[in-house]
Amino acid sequence: MGRFFVLAVCVAAPAVLPAQAVPAHPADLQFAPSLFEPPAVSGMRFELRNGLPVYVVPDRSLPLVDIVLALPVGDRNEVPGEEGMASMTAAMARRGGAGDMGPEELDDTIDALGARVDSSSSWTRTVFVLDIGSETLERGLEILASIVFEPRFDEDRLAQARDNLRVSLAAREDEAYAVLDREWQRLVHGPASPRSRRLTEASVAGFERDALASFHRRLWRPDGAVIAASGDVEPELLVARLDGLFGSWQGLPASETDADRKAGPPGGSAAPEAVFEAAAASPGWWTVDRPGPQASMALGHRGAVVDRWDAGDRWALLLLMEILDGPGSVSRLRSRLQLAEGLTYRVVTWFDLDVVAAEARSERSLNHGQGEFRIFLETAPESAAAAAAAVLEELARLRREAVPEVEIATARRSLLARLPLLFDRAETIAGRFAEDELLDRPHEYWSVYRGRLQAVSAADIRRVAQRFIDPEGIVLAVVGDSEAVRAGRAAEELRRVLGAPRLVETQ
């Protein structure tokens, strides 16, 4: 199901011209021009009487309705001592009963309706999902509203959840990726960053009913929230019903919440203006010794920050990352590491492009908003150093050399070929425009998408590579057999670039 809280882009194979013979090289492929134009948002957007925006896209092909409510509340809103509170509050709102229904009755009622109701939370948002038949939609909406406004946080269900988390905590040291992710966040963002906080026995013990109720009370507000609806609905009737359930929702004024009092600027005074820096907090080569036949590793630093969605750097970065390791027809890393040299089992790259208005670029706002540039690799320990060295060579090449025009053209076509998938169904259309609202991204972003990509030059790509890829500030974190990693091919070369490997002191 295409939810607007999922930002990953699926891969679409571009249409190949029918008369084209099989070329000798993928770079010689020719593609039909992409004629897709994103739909206009006109007629899809409504507002409830409290200003809460609702995007509705009807689809009468099946008697089904999809409702998604998103709040701009997540892990980043937790204050020290509340690690995991956003996710636990969201989960228990659904699992712990609501209104006059206990947890078992709530489960049975949802099942009897043939519906699905889910709630979850991530770094930036809390999301509620209702999938239901159109004939029982009204009752489903009442249940959704009850979960949002009147969660019971049942003590028995909460105790079960705490027990399950304790089991997970005990097992996490056995999971190489969990160890890598935890240490990576600390090395890249610094131990004081909200991104470096992690679940502990103490934080699990703090998941008491009153604590969840307090988090819900002070942070679940309509400010910045948005609803996406699609399926077998009449827009005006649906909006009227949503207005009856959610239109009077006001929540607490932001100035009256505990969160605002607790999470003031560091040091109790206004935070100084900060200049964006890509460098990781603790650059260098770090290892976690884990004997075994496989090594998990991550290489990179903090992500990019631009001051608006239409910033030229953003479009150049989209093409840069497509060329480096996009999911489409171009990927220098996969071509080299997997196909040419056989160094890795898996390569996954992401580069967060956060938008932070220039006037809001304080230390605190960057700390909460800035993401990361991470290249994740899985390989044999003896190949880890060679794989990391190859990645660094590819990053240096992007900074040093202009990307050939044919490679840029292929990457551009690949991005444009995936654009229609962002609007391929009623629920993805409603979700995309609702996400625009949630992220403060102008709807016009999609109408200028093709033109902005077409305007990016090789010089632009090289410029953003030099600006946003920092070879001096890179972290390489490796979880694997340290002795085999350090003795592997290219280990000496890696030492010259990143310094001698240091052992991570796991916490």
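**View A. W350 of strand β10 bridges to R374 in β12.** This close-up, like the others, comes from a predicted model. The two partners belong to β10 (residues 346-351) and β12 (residues 372-379). These strands pair in the antiparallel sense, over six bridges. W350 sits on the uncovered face of β10, together with R346 and V348. The covered face carries V347, T349 and F351. In a regular strand, side chains alternate between the two faces of the sheet.

**View B. F246 and W249 form a tilted aromatic pair.** The ring centres lie 6.4 Å apart. The planes meet at 55°. F246 is buried, with a relative accessible area of 1%. W249 is buried too, at 8%. Both values count as buried because the cut-off is under 20% relative accessible area. The structure holds 15 aromatic pairs, and this is one of them.

**View C. F423 and W446 meet edge-to-face.** Their ring centres are 5.5 Å apart. The planes stand at 80°, so the pair counts as edge-to-face; the cut-off for that class is over 60 degrees. The pair links distant parts of the chain, 23 residues apart. F423 lies in the loop between α14 and α15 (426-439). W446 belongs to helix α16 (residues 444-447). Both F423 and W446 are buried.

**View D. Ring pairs join eight named aromatics, F36, W309, W315, F423, F433, Y445, W446 and Y449, into a cluster.** F423 and W446 from the previous view are among them. R441 lies over the faces of two cluster members, W309 and Y445. From R441 to the ring centre of W309 is 5.2 Å. From R441 to the ring centre of Y445 is 5.7 Å.

**View E. The second largest pocket holds about 370 Å³ of space.** Its lining counts 16 residues. Closest to the pocket centre are P26, S329, V330, S331 and S335. Helix α11 (332-340) supplies at least two lining residues, and so does α14 (405-418). The α11 helix gives the most to this lining, with five residues. By type, the lining divides into six nonpolar, seven polar and three charged residues. Rolling a probe the size of a water molecule over the atoms shows where empty space is left.

Terms used. Residues numbered from 1 in each chain as written. Predicted model: local features only at pLDDT ≥ 70, side-chain atom pairs only at ≥ 80, totals over all residues. Heavy atoms only, no water. 1 Å grid on protein atoms, 1.4 Å probe; cavity = no way out; pocket = protein on both sides within 12 Å on 5 of 7 lines; lining within 4 Å. Points joined across faces, edges and corners; volume = space filled by probe spheres on them. Helix = DSSP H or I, 4+ residues; strand = E, 2+ residues; numbered from the N terminus. Nonpolar A, V, L, I, M, F, W, Y, C, P; charged D, E, K, R; others polar. Phe/Tyr/Trp six-rings, centres within 6.5 Å; stacked < 30°, edge-to-face > 60°. Buried < 20%, exposed > 50% of the residue type's maximum accessible area, 1.4 Å probe, protein only. Lys NZ or Arg CZ within 6 Å of the ring centre and 35° of its normal. Pairing = 2+ DSSP bridges.
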